[in-house]
Amino acid sequence: MAAHLVSTDDVERTISAFTKLDQRGDKVKMNKLAQCLQKEQPFLLQHAAAVRTEHNDTVGEAAVFYATLVWAMFDRGQAGTLPQITAQNLADADKVVTEQLATVEGLADKPVHERVAPKLAEMQPHIYKKLAELIEEDVKEAAMAPETANAIIKPTQVVIEAFDAAMSGRRKGVQQGTVTAGDKPGRNDPCTCGSGKKFKKCHGAS
């Protein structure tokens, strides 16, 4: 079991908070949330935004939303700030998820929301259960195309694995406030916010 098991309560309270924000259309709080994520987890956003580059804006937005949701679930039960997930954390997590998914027989024949790695789901069962519920509901209600769901379900599992590994100490992230210059995106790299602009023309303009 994970050293930091996200509880059902943390998962449900996160969903409730996001639902209220969406229903109220509270753009101020939404922007504050986005700014907080940009500051604390730039590589997480970069990872999610890469899906936009590979697919399209709609898929990219869905990937960013689900990555943000996972971050919020891990963050809710914490007294302090979560470790910052680095590019290496995410690359290692991608390798783990890829290897685990390769062991699932008949993966492509399963409904999209069931295309998960069972061994990884055992480590964060409450997050995985909610992930499956949300994706199944979004597809059923045509809020998300099956193709979009299929494109984001693996990247979302990568985010879960990256945070789980950082929180459990298997692959440590960077403590907030200790990021080195080498960990920051280059001026000519894509901005981590997913805008598609170069970092120097976006959040690195200052």
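## Salt-bridge exercises

At 2% relative accessibility, Asp164 counts as buried (under 20% relative accessible area; exposed is over 50%, partly exposed in between; 1.4 Å probe, protein chains only). We work here with a predicted model, where local features need pLDDT of at least 70 and side-chain atom pairs count only at pLDDT 80 or more, while totals for chains, interfaces and linings use all residues. Residues are numbered from 1 along each chain as its sequence is written, and side-chain values use heavy atoms, with hydrogens and water left out.

**Exercise 1.** Find the salt-bridge partner of Asp164 and state its exposure.

*Solution.* Start with the criterion: a salt bridge is a side-chain nitrogen of Lys or Arg within 4 Å of a carboxyl oxygen of Asp or Glu. Asp164 meets Arg170 at 2.7 Å, N to O. Next, check the partner: Arg170 is partly exposed, at 38% relative accessible area.

**Exercise 2.** Work out which residues Lys130 bridges to, and where they lie.

*Solution.* First take Glu12, whose closest O atom is 3.1 Å from the N of Lys130. This pair links distant parts of the chain, 118 residues apart: Lys130 sits in helix H7 (residues 125-140) and Glu12 in helix H1 (residues 8-24). Helices here are DSSP runs (H or I, at least four residues), numbered from the N terminus. Then take Glu133, which Lys130 meets at 3.0 Å, N to O; both lie in helix H7, three residues apart, about one turn. Finally, compare exposure: Lys130 is buried at 11%, whereas Glu12 is partly exposed at 36% and Glu133 is partly exposed at 33%.

**Exercise 3.** Count the salt bridges in the structure and name a network.

*Solution.* The count is eight. For a network, look at Asp9, Asp10 and Arg13, which salt bridges link together.

Note on methods
Helices (H or I, at least four residues) and strands (E, at least two) are DSSP runs, numbered from the N terminus.
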